[in-house]
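Please examine the structure below together with its sequence. The questions that follow move from single side chains to the chain as a whole, and each answer ends on what was asked for.

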Amino acid sequence: MRLSARQLRLASGLVLLSYISMHLVTHAFGLWSLDLAERGLAWTKALWQSWPGTVALYGAAAAHFALALRTIYQRRHWGLPLIEIIRLWAGFSLPLLLISHVVTTRLALELFGVSSDYHRIVGLLVASGNEGWQIALLAPGWLHGCLGLWISLRHVELMRRLKPALIVCVVALPLLSAGGFGRMTQAVAAAPPAAQSAPLDAAAAAARRDRLAVWQRTITTLYLGSLIGAFVGGQIRNRTERKAGQPVA
């Protein structure tokens, strides 16, 4: 049975929202202890870095992005309600934020065998002074997913009844996640040097950083180029139809 574009968007969005939710929850575990957060992250990685999880995650991301490009190309006008503007802003800004994260975690693991545990991630963020960046990575995706889910299901009676509880969840989970990540930041910063990862040879570290930077620039360029191409192509189509005297809805 073939899925409609709406069904495929909802299904792929639920996969991506599950991925983001699990990361927010593992961050929140840091409120109790860094070790508990590490165990939660280990379970999360076991799921999403397995071959079924990888296929589901990247398949959902590809489908969701392809549908977004299709929407940009087909859109006749951009006079949208505020909730749609916020949802689109959060959705299209998320990949820009996540590209760096994916490159320094998943690609670093695949290319160099570098682990992506909290000790390493938080340690790098503390060293660079970008402790708040991790929450900034997930917040737009969480907001986009929650708004998209609400827009898709807001006519369901159960969803309308649960609206107050859903609003609390939308606000509370990122706040708990931010608090947990803050506690982990303090724990890693206070840890003795021996408990932190051993530094790489300077030349090897520079070579790895340069290679990952190339990947990041390439992926970012492809992403922005795809968005611009879809938008420009849609505008050309609209203008062509107007010149041909066809109505543009």
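Q: Is Arg161 buried, partly exposed or exposed?
A: In this predicted model, the relative accessible area of Arg161 is 64%. A residue counts as exposed when this value is over 50%. Arg161 is therefore exposed.

Q: With which residue does Arg161 form a salt bridge?
A: Side chains of opposite charge can pair when their charged atoms come close. For Arg161, the closest N and O atoms of the pair are 3.2 Å apart, and a salt bridge needs a distance within 4 Å. Both residues lie in helix 7, four residues apart, about one turn of the helix. The partner of Arg161 is Glu157.

Q: Which residue forms a salt bridge with Glu157 at 2.5 Å?
A: Glu157 has a partner three residues away, and both lie in helix 7, which spans residues 157–161. Glu157 is partly exposed at 39% relative accessible area, and Arg160 is partly exposed at 41%. The closest N and O atoms are 2.5 Å apart in the salt bridge of Glu157 with Arg160.

Q: How many residues apart in sequence are the parts that Arg76 and Glu241 tie together?
A: The side chains of Arg76 and Glu241 meet in a salt bridge, with 2.5 Å from N to O. Arg76 lies in the loop between helix 3 and helix 4, whereas Glu241 lies in helix 9, so the pair ties together parts of the chain that are distant in numbering by 165 residues.

Q: Which of the two residues, Arg76 or Glu241, is buried?
A: The cut-off for a buried residue is under 20% relative accessible area. Arg76 has 30% and is therefore partly exposed. With a value of 14%, the buried residue is Glu241.

Q: Which residue is linked with Arg76 and Glu241 in a network of salt bridges?
A: A search of the whole structure finds four salt bridges. The pair of Arg76 and Glu241 is one of them. The network that links these two residues also includes Arg237.

Q: How many disulfides does the structure hold?
A: A disulfide is a covalent bond between the sulfur atoms of two cysteines. The cysteine sulfur closest to that of Cys146 belongs to Cys169 and is 6.7 Å away, too far for a bond. Cys169 is likewise in no disulfide. The number of disulfides in the structure is zero.

Q: Is Cys169 buried or partly exposed?
A: Cys146 has a relative accessible area of 16% and is therefore buried. For Cys169 the value is 38%, and residues between 20% and 50% belong to the middle class. Cys169 is therefore partly exposed.

Q: Which helices each supply at least two residues of the largest nonpolar core?
A: The largest nonpolar core has ten residues in all, including Leu69, Ile72, Ile99, Val103, Leu212 and Tyr223. Tyr223 touches Phe65, Phe92, Pro95, Leu96 and Ile99, leaving aside residues up to four places away in sequence. The helices that each supply at least two residues of this core are helix 3 (51–74), helix 4 (82–112) and helix 9.

Q: How many residues form the other core, which includes Cys146?
A: This other core lies apart from the largest one. Among its residues are Leu17, Ile20, Leu94 and Cys146. Its number of residues is nine.

Q: Which helix supplies the largest share of the nonpolar patch?
A: The surface patch covers about 620 Å² and is made by Trp78, Leu96, Leu224, Ile228, Phe231, Val232 and Ile236. Leu224, with 35% relative accessibility, counts as partly exposed. Five residues of the patch come from one helix, residues 202–243. That helix is helix 9.

Q: How many helices and how many strands does the protein chain have?
A: Read from the N terminus on, the elements run α-α-α-α-α-α-α-α-α. The count is nine helices and zero strands.

Q: What percentage of the contacts with a separation of 6 or more comes from residues 24 or more positions apart?
A: Of the 249 residues in the protein chain, buried residues make up 34%. The chain exposes about 14600 Å², of which carbon and sulfur atoms supply 68%. Among contacts with a separation of 6 or more, the share from residues 24 or more positions apart is 83%.

Terms used. Residues are numbered from 1 along each chain as its sequence is written. This is a predicted model: local features need pLDDT of at least 70, side-chain atom pairs count only at pLDDT 80 or more; totals for chains, interfaces and linings use all residues. Side-chain values use heavy atoms; hydrogens and water are left out. Patches are made of residues with over 30% relative accessible area and no salt bridge: like charges are joined within 9 Å, nonpolar side chains (Val, Leu, Ile, Met, Phe, Trp, Tyr) within 5 Å. Accessible areas come from the Shrake-Rupley method with a 1.4 Å probe; for residues, only the protein chains shown count as cover. Buried means under 20% relative accessible area, exposed over 50%, partly exposed in between (1.4 Å probe, protein chains only). A disulfide is a pair of cysteine sulfur atoms within 2.5 Å. A nonpolar core is a set of buried Ala, Val, Leu, Ile, Met, Phe, Trp, Tyr and Cys residues joined through side-chain atoms within 4.5 Å. Contact means heavy atoms within 4.5 Å.
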